[in-house]
Amino acid sequence: MYDVLIERGLLSAVGAKSAEVLSPGRTMVVTDEHVAPLYADTVLTSLHRAGFDPALTVLPAGESTKCGTQYIALLEKMAEAGLTRSDCVIALGGGVIGDLVGFAAATYLRGIAVVQIPTTLLAAVDSSVGGKTAIDLAAGKNLVGAFHRPVRVLCDPDTLATLPPEQLAAGMAESIKYGVLFDQSLFDLLAHGAPQDLTETISRCVALKQAVVSRDFTDRGERQLLNLGHTFGHAIEACSHYRILHGEAVAIGMRMAARAAVLLGVAELDCTDAITDALTAAGLPTRAEFTAAELTAAALHDKKRMGDTLKLVLPVEIGHCALHPFPVDRLGELMEEVCR
Ligand SMILES: NC(=O)c1ccc[n+]([C@@H]2O[C@H](COP(=O)([O-])OP(=O)(O)OC[C@H]3O[C@@H](n4cnc5c(N)ncnc54)[C@H](O)[C@@H]3O)[C@@H](O)[C@H]2O)c1
Ligand SMILES: [Zn+2]
């Protein structure tokens, strides 16, 4: 298992920490236009000092960068920069940069090393860990990808200080998710809003995710628990034409899952209010502005990927969730109830 280093101020030690797992050589730092002016210089300076010869590529910010065109353009840049099998690429940014650069690293020369430097809370607690990489197609998000583990994840919580509040909140939704899934005391830590210092939050979420991923890397069993709030959340994102952030949609979806757990008799304790309060304290929405019919239609649009049953992730109590098979043809009924 690769390691995830989480430490305030780590950004200025990126070079030394990369040199511990890679022999210094040519490398390429890939980032986006928001992150570059904030953090690229620190990373490049640190890499130079450790003996690397880094190139820099700055891409537009936003989900649309996770596309085939940017992917091919990035591979061409990597080739022009002369990266070889023994070199690495460095993803500096949120989940968009992490997923795109991870996928480029997975496929360039049939796979080269990637170092992930997450700079959003969502990337720190979720996307930079676990080895899933992807780009989007017109037909949907994350439809092309690969499993490719980073050689190291270097997370500096100080970089999160510049995040816009809604991006911090979106990352809080995924962090609260780990509490609901696995750890009541983590949930309690996050129940009153984002802690000032996020180091402990990130460390605990990453440890929980790594434990699940190490037992089910290819997502055939318990890794599916990580989809808590996502079945409903994806429908909300689609209905909003991706205007609502992923984390916001997951927040609303988690409340719906808590309601569903009660309605389907899976909950031992009704945790709807506790989850709603924690999400609200983090500045997240908890109710969708779409009708049950709209959400059902959006969820069923994914039907080809789920067959006749879908696996709902439902909270039994805070800190413990269950995978619950549910017939797709009853989704409309359930949606009516959970939207109330
Ligand atoms: N691979 C996985 O396991 C996995 C898991 C969850 C999500 N994802 C993917 O992650 C993506 C979403 O990631 P995200 O939420 O990080 O979005 P993002 O990468 O678009 O970043 C959000 C915004 O914050 C800006 N930003 C990033 N760091 C900043 C900083 N430190 N200061 C100021 N601004 C900063 C970015 O430029 C962008 O505008 C989606 O494409 C999703 O599919 C992947
Ligand atoms: Zn998510």
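Here a colleague and a modeller talk through a predicted model of a two-domain protein.

Colleague: Let's start with the overall layout: how far apart do the C-alpha centres of domain 1 and domain 2 lie?
Modeller: Happy to help! The domain assignment gives domain 1 as residues 3–161 and domain 2 as residues 165–338. Taking the C-alpha centres of domain 1 and domain 2, the distance is 27 Å.

Colleague: And how much area is buried between domain 1 and domain 2?
Modeller: The size of an interface is often given as the accessible area lost when the parts come together. Here 19 residues of domain 1 are in contact with 26 residues of domain 2. Carbon and sulfur atoms give 68% of the buried area, and that area is about 2000 Å².

Colleague: Which three residues supply 29% of the area that domain 1 buries against domain 2?
Modeller: This trio supplies more of that area than any other three residues. The names to look for in your viewer are Ile 6, Leu 121 and Val 125.

Colleague: Which element gives the largest share of the side of domain 1 that touches domain 2?
Modeller: Polar links cross this interface too, with three salt bridges and four residue pairs in polar contact. On the side of domain 1, the elements giving two or more residues are E1, helix H5 (121–127) and E7. The largest share is five residues, and it comes from H5.

Colleague: Now for Arg 8: with which residues does its side chain meet in a salt bridge?
Modeller: Arg 8 is partly exposed, with a relative accessible area of 48%. One partner is at 2.7 Å, N to O, and another is at 3.6 Å. They are Asp 158 and Asp 197.

Colleague: How many residues apart in sequence are the parts that Asp 158 and Arg 8 tie together?
Modeller: Asp 158 lies in the loop between strand E8 (152–155) and helix H6 (165–182). Arg 8 lies in the loop between strand E1 (3–6) and helix H1 (14–19), so the salt bridge joins parts whose separation in sequence is 150 residues.

Colleague: Glu 63 caught my eye: which residues are linked with it in a network of salt bridges?
Modeller: Glu 63 meets Lys 66 in a salt bridge at 3.7 Å, and it forms another with Lys 141 at 4.0 Å. Glu 63 and Lys 141 are 78 residues apart, with Lys 141 in strand E7. The network links Glu 63 with Lys 66, Asp 99, Asp 136, Lys 141 and Glu 237.

Colleague: Is Lys 66 buried or exposed?
Modeller: The cut-off for buried is under 20% relative accessible area. Lys 66 has 4%, so it is buried.

Colleague: Where is His 241 found?
Modeller: His 241 has a positive phi of about 55° although it is not a glycine. It is exposed, with a relative accessible area of 69%. Its place is the loop between helix H9 (230–239) and helix H10 (246–263).

Colleague: Last one: what arc do the buried residues of H13 cover around the axis?
Modeller: An α-helix has 3.6 residues a turn, so residues three or four places apart point the same way. In helix H13 (residues 331–338), Leu 331, Leu 334, Met 335 and Val 338 are buried. These residues lie on the same side of H13 because the arc they cover is only 100°.

Technical notes. Residues are numbered from 1 along each chain as its sequence is written. Chains are lettered from A and ligands numbered from 1 in the order in which they are written. This is a predicted model: local features need pLDDT of at least 70, side-chain atom pairs count only at pLDDT 80 or more; totals for chains, interfaces and linings use all residues. Side-chain values use heavy atoms; hydrogens and water are left out. Helices (H or I, at least four residues) and strands (E, at least two) are DSSP runs, numbered from the N terminus. Buried means under 20% relative accessible area, exposed over 50%, partly exposed in between (1.4 Å probe, protein chains only). The arc is that of the directions from the helix axis to the C-beta atoms. Domain bounds come from an automatic or database domain assignment. Contact means heavy atoms within 4.5 Å. Buried area is the accessible area (1.4 Å probe) that two parts lose on being put together, summed over both. A polar contact is a pair of N or O atoms within 3.5 Å; within protein, one must be able to donate a hydrogen and the other to accept it, and residues adjacent in sequence count only if both atoms are side-chain atoms.
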